[in-house]
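Me: I have not looked at this one before. Can you walk me through it?

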Amino acid sequence: MHVAVVVFPGTNCEHDVDHALSLLGAEPELVWHRDVDLSGATGVVLPGGFAHGDYLRTGAIARFSPIMKEVERLAAEGAPVLGICNGFQMLCEAGLLPGATVANRDLSFICRHVDLEVTSTKSILTANATIGDILHIPLNSYEGNFVAPESEVAILESEGRVILRYHGENPNGSTNSIAGITNRGGNVAGLMPHPERASEDVLGSIDGRVLLESFVGSLEPVPA
Amino acid sequence: MTEALHRQLGMTDDEYGAVVEILGRSPNEPELAMYSVMWSEHCSYKSSRAHLGRFGHDQPWVVFGPGENAGVVDLGDGWLAALRIESHNHPSFVEPHQGAATGVGGILRDIFTMGARPIALWDPLRFGPLADPQNRYLFQGVVGGIAGYGNAVGVPTLGGEVEFADRFSKNPLVNVMALGLMREEQLVTKAAAGEGNVAILLGASTGRDGIGGASILASASFEEGDEEKRPSVQVGDPFEEKKLIEACLDLYERGLVVAIQDLGAAGISCATSESAAAGGMGMDVDLDAVHVRELAMTPGEILMSESQERMLAIVEPGDVDEALRVAGKWEVQVSVIGTVTASDQLRVTHGGRVVADIPAASLSENAPLYRRPVARPAHQESLWGDRPSLPGEIDLASALLRLLDDPALGDRSWIYEQYDHMLFLNTIVGPGHNGSLLRIKGTEKGLAVSTDGDSLRCYLDPRRGAERIVYESALNVAVTGSRPYALVDNLNFGNPEKPAVMWQFLETVEGIATACEELDVPVVGGNVSFYNETDGVDIYPAPVVGMLGFCDPMPTEPPRLDRGLAGMAIWLIGPESGEDFAASAFSRIVLDHIGGRPQAPDTDTARAVISHASRLAFEVPVLHDVGAGGLAVALAEICMKSDVGASVDMDEWQPLFDETPHRFIAVAPDEVDLAIDDVPVRRLGTLGGGTMNFGARGDLDLGEAHHIWYHALRRRVS
């Protein structure tokens with residue numbers, strides 16, 4: 001089982017994701033954004049950070065990094081592809097997920113635990129969770145406010161592809177309180193909060209584990 | 001004409017004469033520019049250097065004390081920690097966002113220059129009252145600048161502290177502390193060695209930004225119309241710094257670096273001369289090789305530019321190609337700009353012409369040294385005599401609400417929730433408690449940090465104030481289970497040419513040094529920021545200390561303020577009330593009074609209380625230092641964070657608000673025995689219910705208290 005954790009210049013959560021996945025028995029490997037061969041990988045994580053300085057627009061330059069062609073290939077083949085925070089933004093920019101994220105409603109960076117409600121289990125990120133579960137997981141972003149055209153949101157909702165929603169207060173103004181979504185195949189998922197930051201008791205919450213365990217569990221066998 | 005130039009550059013006639021004597025001739029313009037910056041107060045510590053030897057740092061766990069880019073201490077099993085504190089006060093007044101941001105960038109370079117990965121930041125801040133829109137603008141700009149840079153560069157900001165007072169209105173204080181972690185084999189220093197070794201400039205291109213920042217901004221007082229100094233503020237690019245961190249750490253890991261020095265004040269001239277002088281060598285530098293941002297830069301501009309995110313690495317000739325390849329992998333620009341020589345001279349060429357040729361060591365070793373006149377301020381005695389007059393009775397609940405509504409005592413989450421304080425998964429106790437606590441993954445070791453200052457108390461008595469912030473900081477790391485291990489200090493003062501300011505400075509140095517000796521804590525680094533004076537008004541003397549604590553093992557469940565449960569007993573540990581109201585939050589806020597003399601610390605009690613706290617941290621769910629606002633505020637914080645009320649019996653109101661030092665609250669299940677021989681321990685009451693109940697003195701609804709406290713800072717900034 002081999003997970004590629006992609007490192008772009010400016011990425012900063014790669015070691016955290018590596019640590020959390022390793023605790024769950026996965027075998028993550030950090031790969032540089034200029035690498036062009038992910039043939040040994042059965043899944044990919046695009047971790048959080050500020051890839052390419054977030055210049056132009058979050059994820060807008062990363063989307064053109066050489067490795068993204070391989071990420072797109074794996075996604076098309078049905079392999080699990082997970083984008084966390086900045087990685088979610090890249091997946092949106094790359095068209096692997098719909099929508100985009102813009103500046104938070106209150107125009108300030110938010111770093112704190114938020115409550116998420118699991119609203120679908122049909123994804124590589126939520127397969128092991130139960131609908132209605134409330135997860136206490138840190139959010140850490142300035143541009144975390146998910147937006148999409150009304151028609152696109154309607155499709156996401158009607159197809160049950162909103163997998164995580166902010167529970168209680170909507171921290172950043174995201175449309176329909178959306179915190180995480182998936183593609184039609186359920187194999188590409190993105191979320192703004194950081195499950196790797198809630199994966200050990202000593203960090204104050206282990207609610208992120210069920211999400212990362214879902215991802216790890218989906219690696220073998222590779223979903224068709 | 002040259003005569004006029006040295007004065008424009010902030011040099012005295014005597015200092016200019018000294019340069020002429022060293023060179024045996026008049027300096028040319030680039031040379032004069034180099035001396036003016038390197039001999040500025042900011043770079044040379046010319047007013048303070050004579051006194052800084054008072055700080056001790058001989059403990060066996062000290063690897064590097066002051067003098068390197070950061071202090072380094074040994075944590076055992078091959079682990080080293082690097083720590084440093086700096087100020088970016090004047091740039092932050094001129095341009096708050098960039099001033100604060102580049103302060104973060106600068107201190108991170110000091111840490112990874114030593115070979116360590118920066119793992120956390122803290123930001124002690126001081127501003128004028130938030131009722132003034134200009135102060136709000138500065139405060140929001142600074143917090144935004146710290147967040148913008150720190151978050152993007154990928155180093156978590158775990159906390160800090162904040163004060164608001166009139167004296168900081170036109171001179172905010174923006175200090176920043178950084179902590180790094182490394183394996184001992186990665187340690188590097190700045191000392192260039194080996195004739196023929198190559199100097200490589202890594203990082204951002206060199207532009208015209210920040211020229212003369214150290215001499216023009218950081219070493220002079222402010223007057224009206226100083227907006228014109230704005231071009232002297234540098235602009236930061238956290239993305240460039242992030243790449244530079246990764247490239248440098250990669251270079252160290254591969255053993256490709258002989259020495260390395262960051263570029264800060266005075267840019268290339270400072271980095272090359274310091275590196276050469278530290279190694280007892282010289283250096284030839286070719287300015288034509290420097291990758292520049294704009295055309296037609298003069299040699300002086302290239303030498304003096306303070307463009308951010310640059311490092312100077314010394315590499316063996318055979319390793320140059322590999323070093324360039326590693327830098328290229330991280331998409332970091334590089335140029336080979338110099339060679340280490342055996343000549344002792346820093347020789348700089350441009351366009352085939354020698355543009356500077358000076359003894360490398362003269363920029364630092366021959367810097368002026370002043371013993372400025374010292375005199376206790378005339379008003380000090382009358383300040384001491386002006387004790388707060390306490391009312392016989394008070395409305396306890398309303399007094400406590402007034403304290404909780406103070407922006408410095410209220411909830412500071414408006415600040416720290418803008419900072420990524422969780423990255424790296426090391427944050428075991430984060431902001432909003434006492435000291436921060438970080439784990440070192442793969443070990444049982446923990447590192448604690450607390451930054452503390454109290455400018456009002458230091459104004460009333462700089463020596464006692466300084467001693468007390470050291471003890472407070474030590475107690476703040478002790479309640480995480482750590483023992484005080486090393487200290488850095490940032491000494492923020494007014495104009496050192498005033499004898500009263502020098503008296504405040506010397507009293508402070510004595511206070512910090514004494515308390516550190518008592519605690520056996522080495523002072524491994526620091527920073528002095530003078531000329532914090534605007535329109536003739538000096539700031540309050542504002543020393544800030546950053547205490548590093550160390551524990552091995554770390555408590556498995558370290559105390560937090562939110563672990564209190566109904567039914568648990570509340571204990572006060574430490575001396576009984578000494579009626580210490582001078583510089584108390586109660587006097588400042590409720591009585592609107594500034595005066596009196598703060599109580600002197602009691603060193604035996606301090607030591608006993610600190611070591612008791614660090615032991616109890618392994619057994620007790622809640623420990624909380626009693627600081628500003630006294631027992632009442634400390635207790636309220638526990639109740640609000642644990643979301644449970646308390647019943648407390650008090651015969652008098654005064655012990656709830658006085659600020660007698662060396663005390664902490666412990667909250668524990670009834671059966672836990674907290675008693676110890678050499679420290680007073682007293683049961684105060686019990687947690688439970690929805691109010692803070694003070695018996696016959698009334699009660700305060702917890703929801704109301706929380707509402708006031710939560711909005712104290714927020715409502716003033718939005």
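What follows is a short exchange about confidence, the contact between chains, the core and some backbone details.

Me: Before anything else, what kind of model is this, and what ipTM does the predictor give the complex?
Reply: This is a predicted model. The predictor gives the complex an ipTM of 0.96 and a pTM of 0.96.

Me: And what does chain B average in pLDDT?
Reply: Chain B has an average pLDDT of 94, and 96% of the residues score at least 70.

Me: How many residues does each chain put into the contact?
Reply: Chain A gives 20 residues and chain B gives 19 residues.

Me: Which helices of chain B supply at least two residues there?
Reply: On the side of chain B that touches chain A, α8 (133–153) and α10 (238–253) each supply at least two residues. By class, that side of chain B has 10 nonpolar, five charged and four polar residues.

Me: Stay with α10(B). How many residues has it, and how far does it reach?
Reply: α10(B) has 16 residues, and from its first C-alpha to its last it reaches 22 Å. That is close to the 22 Å expected at 1.5 Å a residue.

Me: Is α10(B) mostly covered or mostly uncovered?
Reply: Mostly covered, as 13 of the 16 residues in α10(B) are buried.

Me: What follows α10(B)?
Reply: B:Gly255 follows α10(B), with a positive phi near 65°.

Me: Changing topic. Which domains does the assignment give for chain B?
Reply: The domain assignment of chain B gives domain 1 (1–38 + 189–367) and domain 2 (388–410 + 559–718). Their C-alpha centres lie 51 Å apart.

Me: How many residues are in the largest nonpolar core?
Reply: The largest nonpolar core has 307 residues. Those with the most contacts inside it are A:Val44, B:Ala313, B:Leu635, B:Ile665 and B:Ala666. This core draws at least three residues from each of domain 1 and domain 2 of chain B.

Me: What is B:Ala666 in contact with, leaving aside its neighbours within four places in sequence?
Reply: With those neighbours left aside, the contacts of B:Ala666 include B:Trp571, B:Ile573, B:Leu616 and B:Val620. Also among them are B:Val622, B:Leu623 and B:Leu674.

Me: Now the backbone. Where is the cis peptide bond that has an omega of about 10°?
Reply: That cis peptide bond joins B:Asp552 and B:Pro553. B:Pro553 is in the loop between β21 (542–551) and β22 (569–573) of chain B.

Me: What is the phi of A:Cys85?
Reply: A:Cys85 has a positive phi of about 60°, although it is not a glycine. Most residues other than glycine have a negative phi. A:Cys85 is in the loop between β4 (81–84) and α3 (86–93) of chain A.

Me: Why does A:Cys85 count as buried?
Reply: Because 27 other C-beta atoms lie within 10 Å of A:Cys85, and 20 or more is the cut-off for buried.

Me: And B:Tyr45, what is its phi?
Reply: Phi of B:Tyr45 is positive, near 55°. B:Tyr45 is in the loop between α4 (41–44) and α5 (49–52) of chain B. B:Tyr45 counts as partly exposed, with 19 C-beta neighbours inside 10 Å.

Me: Last one, A:Ser199. Is it buried or exposed?
Reply: A:Ser199 counts as buried, with 26 C-beta neighbours inside 10 Å. A:Ser199 is in the loop between β11 (188–191) and α5 (209–217) of chain A. The C-alpha atoms of A:Ser199 and A:Ile137 are separated by 9.1 Å, and the two residues are 62 residues apart along the chain.

How values were computed:
Residues are numbered from 1 along each chain as its sequence is written. Chains are lettered from A and ligands numbered from 1 in the order in which they are written. This is a predicted model: local features need pLDDT of at least 70, side-chain atom pairs count only at pLDDT 80 or more; totals for chains, interfaces and linings use all residues. Two residues are in contact if their C-beta atoms, placed from the backbone, lie within 7 Å. Helices (H or I, at least four residues) and strands (E, at least two) are DSSP runs, numbered from the N terminus. Ala, Val, Leu, Ile, Met, Phe, Trp, Tyr, Cys and Pro count as nonpolar, Asp, Glu, Lys and Arg as charged, and the others, Gly among them, as polar. pLDDT is the predictor's confidence in each residue, from 0 to 100. The expected span of a helix is 1.5 Å times one less than its number of residues. A residue is buried if 20 or more other C-beta atoms lie within 10 Å of its own, exposed if 12 or fewer, and partly exposed in between; C-beta atoms are placed from the backbone. Domain bounds come from an automatic or database domain assignment. A nonpolar core is a set of buried Ala, Val, Leu, Ile, Met, Phe, Trp, Tyr and Cys residues joined through C-beta atoms within 7 Å.
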